[in-house]
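User: I should be grateful for a close look at one part of this model, with the reasoning set out in full.

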Amino acid sequence: MGRSNRFPDLQSPIASTNNAAPLTKESQDVVSVERRDYSLDTCITWAVRIIVIFISVSCVFYREILQNTINSSWLFLQKSWIFNSVYFETWWATFCFAWIIPLYPFAIHFIPSFNKYKIDPSVTYVHQTVLGMLKEAVIYMAPLMFLDTVTVKKYHGVDPSIWKAKQQSVIQHTRALPSDPPELGRILFDLIASIMTFDVFFFIVHLFFHKNLWLFRNIHAHHHHHDVMHPHVTNKLTVVERIVLILSANFALKLFQSHPLTRMLFVPVFVWLLVENHTGYDLPFGLHRVIPFHLYGGSVKHYKHHIHGSKYYQPFFTYLDLLLESFINSKKMQWKYNGSKEKQ
């Protein structure tokens, strides 16, 4: 199986399952494998940026209509037994992953015009059997549903006396929800802030996974054991790593006291970002192109991480990786200077 060169005894490139030649050092940093019109790509990127700006401005002008939609949606969700269930967020995350995969990377795989955006020719879509997907869903949901069963969900805006009453029971069935809906501005702030907070927290965890040989071999190596990059690698995690990832996202949401409705909206955005990282495509409408100044790493940086394994630990953005690289380079320069000084 292909493994990245995080450690000296774990060195071998990701090879293709369709008998393609293994990736060489020169091909690892190649972004496009076919001729592509970069001027057209730039136009597409700017078109997406304009659409995002237009939507953002529209949210300001139509905030009252949007707030009324939020209010009515919250009233509807409060009456839903599925939404009131302690298992809702686990079910919802599984459902989002199940429909985002075929909607995005699976569709792109069958459109020939997108082939030129493959980061490497080995990138493909690896099909899974129904039995395999069901097994993956059970492995994903089982530990999380256990935690849901024995944990009292505590959301901001709920009377603490309700939590105390629920703690009298070992097994939880429903979650206590706040009566008031969230404000539009707070939803947008919490979504952005939570994703950025998760990005920082998991960067630290991810770095430890790679720098500690025991942690890497026993927890994280499974995520890097694949022949080709494909979207299903997103969920190729050990139970421990999956729980750490979920708890990291939950910690970020709890830190900002995010509303249950915000948490519901967070899940598809979060899953989409994770899946996009593992598509293996350098698309002109990808977030790493849309967000300017190379602030977002996206699929290109994450692909290189799976190849090299010695850099690009930040899940989404790039500033912490740049700071880490600058720190390492400064230390190398200092050691080199001290070494040359000792020789004199």
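Is Y125 buried or partly exposed, and why does it count as such? Please describe its aromatic surroundings and then continue to other parts of the chain.

Analyst: The model is a predicted one. Y125 has a relative accessibility of 10%, and because buried means under 20% relative accessible area, Y125 counts as buried.

The ring of Y125 takes part in one of the 19 aromatic pairs that the count gives. Its partner here is F106, and the pair is edge-to-face, with 4.9 Å from centre to centre and 70° between the planes. The planes are thus placed in that class because an angle over 60 degrees counts as edge-to-face. The pair links distant parts of the chain: F106 belongs to helix α5 (residues 105-109), Y125 lies in the loop between α5 and α6 (130-150), and the two are 19 residues apart. F106 has a relative accessibility of 28% and so counts as partly exposed.

Aromatic residues also gather elsewhere. F198, F202, F266, F270, Y296, F316 and F317 form one aromatic cluster. Two arginines lie over ring faces: R49 over the face of W46, at 4.7 Å from the ring centre, and R175 over the face of F83, at 4.5 Å from the ring centre.

After α6 the chain enters the loop between α6 and α7 (160-166), where D159 has its place. D159 counts as partly exposed because its relative accessibility is 44%. Its side chain is joined to that of S161 by a polar contact of 3.0 Å. L177 is 18 residues from D159 in sequence, and the C-alpha atoms of these two residues are 9.5 Å apart in space.

Helix α10 (residues 239-255) may be examined in the same stepwise way. With 17 residues at 1.5 Å a residue, α10 should span 24 Å, and this agrees with the 24 Å between its end C-alpha atoms. Its buried residues are E241, R242, L245, S248, A249, A252 and L253. Seen down the axis of α10, these buried residues fall within an arc of 135°, and therefore they line one face of the helix. They pack against α6, α8 (184-211), α9 (213-224) and α11 (260-277). Just after α10, Q257 takes a positive phi of about 50°.

Definitions and conventions: Residues numbered from 1 in each chain as written. Predicted model: local features only at pLDDT ≥ 70, side-chain atom pairs only at ≥ 80, totals over all residues. Heavy atoms only, no water. Phe/Tyr/Trp six-rings, centres within 6.5 Å; stacked < 30°, edge-to-face > 60°. Helix = DSSP H or I, 4+ residues; strand = E, 2+ residues; numbered from the N terminus. Buried < 20%, exposed > 50% of the residue type's maximum accessible area, 1.4 Å probe, protein only. Lys NZ or Arg CZ within 6 Å of the ring centre and 35° of its normal. Polar contact = N/O pair within 3.5 Å; in protein donor to acceptor, adjacent residues only side chain to side chain. Expected span 1.5 Å × (residues − 1). Arc of directions from axis to C-beta. Contact = heavy atoms within 4.5 Å.
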